[in-house]
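Please have your viewer ready, with a side-chain display you can switch on and off. We will go from one selection to the next and look at what is there.

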Amino acid sequence: MADEELEAIRRQRMSELQAKQGEASNNQQQGEEAKQRETDMRNTILAQVLDQSARARLNNLALVKPDKANAVENYLIQMARFGKLGGKISESGLIEILEKVCQQTEKKMTVTFNRRRVMDSDDEDDD
């Protein structure tokens with residue numbers, strides 16, 4: 001009798017684990033589909049907003065600096081949603097937008113030297 005109960009508990013536990021695994025893979029699949037839909041939506045908006053040469057430049061930028069390309073894409077999509085773009089943007093227009101975004105996100109670095117005056121060798125030579 002104990003073996004039968006143990007086998008029933010094992011079957012029940014196995015079915016629970018399979019159900020959890022099915023839900024996890026289902027959630028993962030839904031997440032991937034959502035990402036794919038978002039990517040498709042971004043690409044269609046950018047295709048409507050940019051001409052071919054500007055799109056090629058943006059793709060080249062994405063290969064070198066994906067974070068800046070993403071910032072420019074977000075900026076263009078936001079402008080398109082608010083209706084601030086009057087037609088397709090050419091390559092020269094994209095360069096201007098790139099300059100604006102680069103100026104806004106530019107990090108300024110300063111270097112400071114902290115020199116310590118401990119046991120300076122020049123002081124010993126005064127003798």
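Which side chains meet in a salt bridge at 2.7 Å, N to O? Select E91 and R57: their side chains form that contact. Keep in mind throughout that this is a predicted model.

**Stop 1: E91 and R57**

Colour the two helices involved. E91 lies in helix α4, residues 91-105, and R57 in helix α2, residues 52-64, so this pair ties together parts that are 34 residues apart in sequence. Now switch on the surface. E91 counts as partly exposed because its relative accessibility is 28%. R57 is partly exposed too, with a relative accessible area of 34%.

**Stop 2: E73 and R42**

How many salt bridges does a search of the whole structure find? There are three, and for another of them you should select E73 and R42, whose side chains meet at 3.0 Å, N to O. E73 sits in helix α3 and R42 in helix α1, so here the pair ties together parts that are 31 residues apart in sequence. Helix α3 covers residues 66-81, and helix α1 covers residues 2-49.

Are these two residues buried or exposed? E73 counts as buried, because its relative accessibility is 15%, and R42 is buried at 16% relative accessible area. Next, show what surrounds E73. Leaving aside neighbours within four places in sequence, E73 is in contact with R42, L46, R55 and L58. Keep L58 displayed, as we will come back to this residue.

**Stop 3: E16 and R13**

Move along helix α1 and select E16 and R13. Their side chains meet in a salt bridge too, at 3.6 Å, N to O. Why are they separated by about one helical turn? The reason is their spacing: E16 and R13 are three residues apart in helix α1. With the surface on, E16 is partly exposed, at a relative accessible area of 37%, and R13 is partly exposed, at 43% relative accessibility.

**Stop 4: the acidic patch**

Stay with helix α1 and select D3, which lies in this helix. Add E4, E5 and E7 to the selection: together with D3 they form a negative surface patch. D3 itself counts as exposed, because its relative accessibility is 63%.

**Stop 5: A69**

Return to helix α3, where A69 is found. With a relative accessibility of 1%, A69 counts as buried. Which residues does A69 touch, not counting those up to four places away in sequence? They are L58, L61 and A62. Draw a distance between the C-alpha atoms of A69 and L58: the two residues are eleven apart in sequence and 6.4 Å apart in space. L58 is the residue you kept on display, as one of the contacts of E73.

**Stop 6: I89**

For the last selection, go to the loop between α3 and α4, where I89 is found. Is I89 buried or exposed? I89 is buried, with a relative accessible area of 11%. Show the contacts, again leaving aside neighbours within four places in sequence: I89 is in contact with V49, L50, D51, A54, L76, L94 and I97. Finish with one more C-alpha to C-alpha distance, from I89 to L76. These residues are 13 apart in sequence and 9.6 Å apart in space.

How values were computed. Residues are numbered from 1 along each chain as its sequence is written. This is a predicted model: local features need pLDDT of at least 70, side-chain atom pairs count only at pLDDT 80 or more; totals for chains, interfaces and linings use all residues. Side-chain values use heavy atoms; hydrogens and water are left out. Patches are made of residues with over 30% relative accessible area and no salt bridge: like charges are joined within 9 Å, nonpolar side chains (Val, Leu, Ile, Met, Phe, Trp, Tyr) within 5 Å. Accessible areas come from the Shrake-Rupley method with a 1.4 Å probe; for residues, only the protein chains shown count as cover. A salt bridge is a side-chain nitrogen of Lys or Arg within 4 Å of a carboxyl oxygen of Asp or Glu. Lys and Arg count as positive and Asp and Glu as negative; His and the chain ends are not counted. The place of a charge is taken as NZ of Lys, CZ of Arg, CG of Asp or CD of Glu. Helices (H or I, at least four residues) and strands (E, at least two) are DSSP runs, numbered from the N terminus. Buried means under 20% relative accessible area, exposed over 50%, partly exposed in between (1.4 Å probe, protein chains only). Contact means heavy atoms within 4.5 Å.
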